[in-house]
Amino acid sequence: MDKPTDQSRMDKIVSLAKRRGFIFQSSEIYGGLNGFWDYGPLGVALKRNLKDAWWHDMVSGHDELATPAGAPQPYEMAGLDCTIIMHPQVWKCSGHFDLFHDWMIDCRESKKRYRFDHLHGRWASHRGKKLFVVTDQSGDDALPHTVTRALKGFGVRASKVEEIEWLSELESLATAVHAQTVTLADALGPDAGEPGTLTAPREFNLMFETRIGALAGDDDDRAFLRPETAQGIFMNFKNVVDTSRVKVPFGIGQIGKSFRNEITPRNFTFRSREFEQMEIEFFCKPSESADWYRYWRDRRWRWYLSLGLTEGKLQLREHHADELSHYSVGTADIEYAFPFLAPGEFGELEGIAHRGDFDLRSHMEGKLVRQDGQLVVEQGPDGKPRHRGSGKDLSYFDEISRERFVPHVIEPSAGADRAVLAFLCDAYHEDEVPDEDGKPRSRTVLKLHPRLAPLKVAVLPLVKKDGMPEIAIELYRKLKAHMPAYYDEKGSVGRRYARQDEAGTPWCLTIDGRTLTDGTVTLRDRDSLTQDRVAVAEVVDMLRDRLR
Ligand code: GAP
């Protein structure tokens, strides 16, 4: 039985995201494009603040002279910005060309396509006829959907639903097919009227394909939009070593778009077809890689907490051996309890992978495969490498130990869009505040960390007269030089506070009658709701200090 999700909370978050200009569906006026999302005025600021925080905390603000807590030694960090389209051989040697796929299944009747691992079903019987009723719904929608499907499949009216006998619990279709307890001939597809319309599962490569050049035609022109930013970093490993004088151990960070032709994009921005990643490839000595893996796993975990994600909603999960990507010798996921998931379930925010020397060696020698625990160059039928490497030497010479080795890589790989979604979900609260007459009023508030909040402060003259707007505008202009500030004189002050609460603005400054006499303003705190009097002359420095 599937457990209930917090779907109504998720629906409210999606609705707020649209209503307040955080996230819109791409190409909405044409009906939208599944798996593609645009960030509105507040959303782009939130996402930029998140990426800036990552870049600062991981790359530009990193102190290479100190040993960070938990690190084996000091290390350096550098940045890169690589192209989305790279030489097609990159994806052959990285393994994405052969292995980056999902299994999909089509319905001959409805013409719909599903991810095989997203389908679940259960056996039902009616007057001696048996069907394996399949649903593509998840969470608390799955079970009711199988009931509706069974009514359709057996041709039974809803009032006679009790005539249907359920013979098994909901289970994964893929598992049932592999265990041969179900054949696709017995399966009633999620949108079909008859059983037996689902095709056998087929592999589907997730890379978007494109062609290079005006005369594109033959196979050599085939190129791919990158499905991860990581490979651009491996392409430039030697360039960075040769030009920036970094020494192993060091990391290279990159933020950029990645593209995956997901079969079933879903759950708002969680699974998109175009998204942004924030990735670090950290190069270290093989013998020290286990220590660096632990360091990065713990460092990245602390980063999410430092920006205010609720610890109880986060989970650090080490992958089982059978879950590991083709290159990985160890991976941990940082996961968040998104409201669209059933209680106790978590969705991946970031993976921290120990990639060993897979990538650098593959790009040198040709695509590697694991055989008897060893990485060896994969052979084609002609006995030659299946995918030829660059032949370039990507090893590293350590001048202190006088050793030459291919560095091992630890990769903390985060999704910017998933992180934005997690911070939005975590920040979303409904509570009660006293209105201007002291009566309780319900409010929706985004309790975003001040570093992430799109607007840091709003300046509100209590009334549009008595010189209040003039003082407020002057203060707004002073603030604006240092932080995103907003000026609002429309509507009651209570409504203006409510608008800022929904936008996640941590502070509001109200210019009122007392400002005219003693030069102070009210500083309202979004979360504690305290209202303090602060001198106008001091407020800019005070807020700058708080943001530091
Ligand atoms: N270079 C390793 C790599 O790309 P991944 O686990 O496939 O690993 C890393 O992706 C992160 O990218 C994920 O943890 C997730 O945050 C984000 N991500 C992956 N696929 C995504 C998608 N379809 N939509 C949004 N974010 C995605």
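In this predicted model, a polar side-chain atom of Glu-279 lies 2.5 Å from a nitrogen atom of the ligand; such a polar contact is a pair of N or O atoms within 3.5 Å. Two further contacts involve oxygen atoms of the ligand: 3.0 Å separates one from an N or O atom in the side chain of Gln-277, and 2.6 Å separates one from an N or O atom in the side chain of Glu-348. On its own the ligand has 550 Å² of accessible area, and the protein covers 90% of this (Shrake-Rupley method, 1.4 Å probe). Local features need pLDDT of at least 70 and side-chain atom pairs count only at pLDDT 80 or more, while totals for chains, interfaces and linings use all residues. Residues are numbered from 1 along each chain as its sequence is written, and side-chain values use heavy atoms, with hydrogens and water left out.

The shell around the ligand can be described next. It holds 21 residues, the closest being Glu-228, Arg-260, Ser-272, Glu-279 and Glu-348; a residue is near the ligand if one of its heavy atoms lies within 4 Å of it. Sorted by class, ten residues of the shell are charged, six are polar and five are nonpolar. Here Asp, Glu, Lys and Arg count as charged, Ala, Val, Leu, Ile, Met, Phe, Trp, Tyr, Cys and Pro as nonpolar, and the others, Gly among them, as polar. At least two residues of the shell come from each of β15 (274–284), β18 and β23 (408–415), and β18 gives the most, with five. Strands (E, at least two residues) and helices (H or I, at least four) are DSSP runs, numbered from the N terminus.

These strands also appear in an open sheet of seven strands, with the order β3-β14-β15-β23-β18-β17-β16 and mixed pairing. Two strands pair if DSSP finds at least two bridges between them. At the edges are β3 (76–79) and β16 (314–318), each pairing on one side only. On average, neighbouring strands of the sheet are turned by 20 degrees against each other, direction ignored (axes are lines fitted to C-alpha atoms). Within the sheet, β17 (residues 330–336) and β18 (residues 347–356) run antiparallel and are joined by seven bridges. Asp-333 has Gly-351 in β18 as its bridge partner.

Helix α10 (residues 358–365) is largely enclosed by the rest of the structure, because seven of its eight residues are buried. Buried means under 20% relative accessible area, exposed over 50%, and partly exposed in between (1.4 Å probe, protein chains only). The buried residues of α10 are Phe-358, Asp-359, Leu-360, Arg-361, Ser-362, His-363 and Met-364. Gly-366, just after α10, takes a positive phi of about 120 degrees.

Some loops hold backbone features of their own. Between α8 (237–244) and β14 (250–259), the loop contains Pro-249, and the peptide bond from Val-248 to Pro-249 is cis, with omega near 5 degrees. Gln-180, in the loop between α6 (173–178) and β10 (187–188), is a residue other than glycine with a positive phi, near 60 degrees. With a relative accessible area of 70%, Gln-180 is exposed. Asp-372 sits in the loop between β19 (368–371) and β20 (374–377); although not a glycine, Asp-372 has a positive phi of about 50 degrees, and it counts as exposed at 81% relative accessibility.

Note on methods
Axes are lines fitted to C-alpha atoms, for helices over the stretch in contact, and angles run from 0 to 180 degrees between N-to-C directions. A polar contact is a pair of N or O atoms within 3.5 Å; within protein, one must be able to donate a hydrogen and the other to accept it, and residues adjacent in sequence count only if both atoms are side-chain atoms.
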